Amino acid sequence: MKITQLLTEATIILDVKATSKQDVLTELINQFDRAGNLNDKEVFTKDILTREEQSTTGIGDGIAIPHAKSAAVKMPGIAFGRSLPGIDYASLDGQPAHLFFMIAASKGANNDHLEALSRLATFLMDSNFREKVLSATSKTEILQAVNDKEIELEGPEEDDESQLGLSPTSKILAVTACPTGIAHTYMAAQKLTDKAKEMGILLKVETNGSSGVKNRLTDEDIANADTIIVAADTKVEMARFTGKPVIQTKVGKAIYETEALLNRAIIKDAPIYKHDLSKDDSDTSETKSGFYKHLMNGVSNMLPFVVGGGILIALSFFWGINSSDPNSADYNAFAAMLNTIGGGNAFFLMVPVLAGFIASSIADRPGFAPGMVGGLIAITVTGVDSVSGGSGFLGGIIAGFLAGYVTVLVKKVFAALPDALEGLKPVLFYPVFSIAITGLIMMMLNPPLTKLYTGMSTFLEGIGGTNQVLVGILLGAMMAIDMGGPINKAAYTFGIAMLDAQNFGFIATVMAAGMVPPLGMAIATTLFKKRFTKHEREAGKTAYVLGACFITEGVIPFAAADPARVIPASVVGAALTGGLTMLFDISLRAPHGGVFVMGLVDGGIGKVLLYALAIAAGAVVTGLLAGILKKNKMQVI
């Protein structure tokens, strides 16, 4: 089936009136409805928005391809809209989108329809085709551009192997898959194939689309492969890759960071895949240890309480909470309310939430309640020896793992119960026994844990002078060395733990150091333009924003493309910032927010300026080192 049978004049809007992402989606859906493609506009709208929640369909280069397979589609089709000024679509490259192709596939769409829809995705990888569509003055010209492209490729859907770079001697393999299997799957395959040809790499790509698996990787292909790239947001067969270096990432990375992925594959920058038979193949994240996975589940769910509560507490002091006594002349009612919300509520829930989600990561939903109770005991119950205080963050982590594994044990014990009692397990047996066992053990463990936690906090608070600076250097280096990975998260988690212990210097250090790598690379792309591609220079502009917001992951595209230069430069700059922050004795109650919370630094404007100086010094050092170490792009092979 030809694309022009799906894209017709009735579904084309030459100049959309929308100025926002939501508006352009509505405008295209209405066009579909007017053309008679839909049975139910509201249901299709819901399906489109559900797809957008999974990941943005703004793929970059000015293109967005919203799409959905929906029972509300009466007749499959493509709606096209164009905005010459551009619309902020939350695209992968952060740039405005100009061309919008909305794909509507019915639940029972046949392979002909799906092949045509997928073929359109590959057309959009051609800059000449995009230029023709942008400059078209009529709907007829747009349809002609599509028709010409189909003739030029002579039905590539009939020759999967040639289009996707099949070679019996390929050393690099790839698998692409997106949740709907219509657009991103094939666009990622095309991008990988085109870039591989440009780089002189032999590549074979398997696509897992709505019409099934195409160009399947054979056992021989896998056995002979040097590296395998799995770019997938949905389930793919992973067991077959056991023992091979596998790069696992999202499908969007294959579209937007293609060269970086292929460079990683060339140097085999990938862990050896080991398939866990206890997990299904839907897990396409980077391999992580069970401990790290469970801990990060707790930390990530705890962060909103930490960030929201911490910033509200900081604001209460900034606003002027000089007394908690309502009768005092220094009392500020608004500041007191902020402090109560942030400290008495959000921060109070921090440890129980941490423990609850660690436990639920281990034992699923039945682990959540005992984890919450164990975490609450850690901060509020002193235990049988009546030791004053709580075990805080340390107790919360232990309570989470304890509750999780206790619940797993309880589930195994009750597995032999008759099927007639199955419904009582999650509402009666699991919570009663798991909460009781976890609670009793935590009440006995809490006193010694409290002593340990208090001793650690006292020791760290007592560190001063050179030792304090050395700790700052170490924390700074940890924040940069894996750019948001386990070591980075360990340093940040330590900062949060010390924040809970009322030590505000460590969180200031890790935040400042975490801002340095993306800011440094942004500076490098500005000062050493010839040493970066046009795409990297554009990414550098985004890195300014990401670094300012304390999103260390903003440096990943640069590090993936050139880790030998970018990572050392980032570590040196971040370590310098960490040391300077400790040297300047900076304290900050806000655990996140980057430059937007710098005004909340304790000590007034002088400390704020010193904090800014520490960040700027590290970023400049990273930028200069990266620029000096890198070669001009014309010299890079």
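Q: A salt bridge is a side-chain nitrogen of Lys or Arg within 4 Å of a carboxyl oxygen of Asp or Glu. In this predicted model, which residue forms a salt bridge with Glu206?
A: Look for a partner whose nitrogen comes within the 4 Å cut-off of the Glu206 carboxyl group. The closest N and O atoms of the pair are 2.8 Å apart. The partner belongs to the loop between strand 10 (227-232) and strand 11 (246-249), while Glu206 is in strand 8, 34 residues apart from it. The residue is Arg240.

Q: Are Arg240 and Glu206 buried or exposed?
A: To be called buried, a residue must have under 20% relative accessible area. Arg240 falls into that class, and Glu206 does too. Both ends of this salt bridge are therefore under the 20% cut-off, and the word for them is buried.

Q: Which residue forms a salt bridge with Lys204?
A: Here the closest N and O atoms are 2.5 Å apart, and the partner of Lys204 is Asp221. The pair links distant parts of the chain, 17 residues apart: Lys204 in strand 8 (residues 203-209) and its partner in helix 8 (residues 219-224). Both residues are buried. The name to remember is Asp221.

Q: How many salt bridges does the structure hold?
A: You have already met Lys204 with Asp221 and Arg240 with Glu206. There is also a network of salt bridges that links Lys195, Glu198 and Glu259. For the structure, the number of salt bridges is 12.

Q: Arg216 and Glu237 meet in a salt bridge; how many residues apart in sequence are the parts that this pair ties together?
A: The N to O distance between the two side chains is 3.1 Å. Arg216 lies in the loop between strand 9 (212-214) and helix 8, whereas Glu237 lies in the loop between strand 10 and strand 11. Both are partly exposed, Arg216 with a relative accessible area of 40% and Glu237 with 37%. The parts that they tie together are 21 residues apart.

Q: Why is strand 8 described as largely enclosed by the rest of the structure, and how many of its residues are buried?
A: In a regular strand, side chains alternate between the two faces of the sheet. From strand 8, Leu203, Val205, Thr207 and Gly209 point one way, and Lys204, Glu206 and Asn208 point the other, yet all are buried. Strand 8 is called largely enclosed because the count of buried residues is 7 of the 7.

Q: Which residue in strand 8 is the bridge partner of Thr176?
A: Strand 7 (residues 172-177) and strand 8 pair in the parallel sense. Their pairing covers 6 bridges. In one of these pairs, Thr176 is matched with Thr207.

Q: In which sense does strand 5 run with strand 6 (residues 97-106), parallel or antiparallel?
A: Strand 5 (residues 77-87) has 8 of its 11 residues buried. With strand 1 (residues 12-13), strand 5 pairs in the parallel sense over 2 bridges, and Ile13 stands opposite Gly81. With strand 6, the link is made by 7 bridges, including the one that matches Ala79 with Met102. That second pairing is antiparallel.

Q: Which helix gives the largest share of the largest nonpolar core?
A: In soluble globular proteins, nonpolar side chains tend to be buried together. The largest core here has 62 residues, and Met302, Phe393, Ile496, Leu588 and Tyr611 touch the most other members. Its largest share is 11 residues, and they come from helix 18 (residues 505-527).

Q: How many residues are in the second, separate core?
A: First, a look at Phe393 from the largest core. Beyond its neighbours within four places in sequence, Phe393 is in contact with residues including Met302, Leu354, Tyr453 and Ile496. The second core is separate and includes Leu6, Leu7, Phe129 and Val251; its number of residues is 46.

Q: Is Ile437, a member of a nonpolar patch on the surface, buried or partly exposed?
A: Ile437 is found in helix 15 (residues 425-462). It shares the patch with Leu424, Val427, Leu428, Val432 and Phe433, and together they have about 490 Å² of accessible area. The relative accessible area of Ile437 is 35%, which lies between the 20% and 50% cut-offs. Ile437 is therefore partly exposed.

Notes
Residues numbered from 1 in each chain as written. Predicted model: local features only at pLDDT ≥ 70, side-chain atom pairs only at ≥ 80, totals over all residues. Heavy atoms only, no water. Patch = residues over 30% accessible without salt bridge, like charges linked within 9 Å, V, L, I, M, F, W, Y side chains within 5 Å. Areas by Shrake-Rupley, 256 points an atom, 1.4 Å probe, with all protein chains shown as cover. Helix = DSSP H or I, 4+ residues; strand = E, 2+ residues; numbered from the N terminus. Buried < 20%, exposed > 50% of the residue type's maximum accessible area, 1.4 Å probe, protein only. Pairing = 2+ DSSP bridges. Core = buried A, V, L, I, M, F, W, Y, C linked by side-chain atoms within 4.5 Å. Contact = heavy atoms within 4.5 Å.
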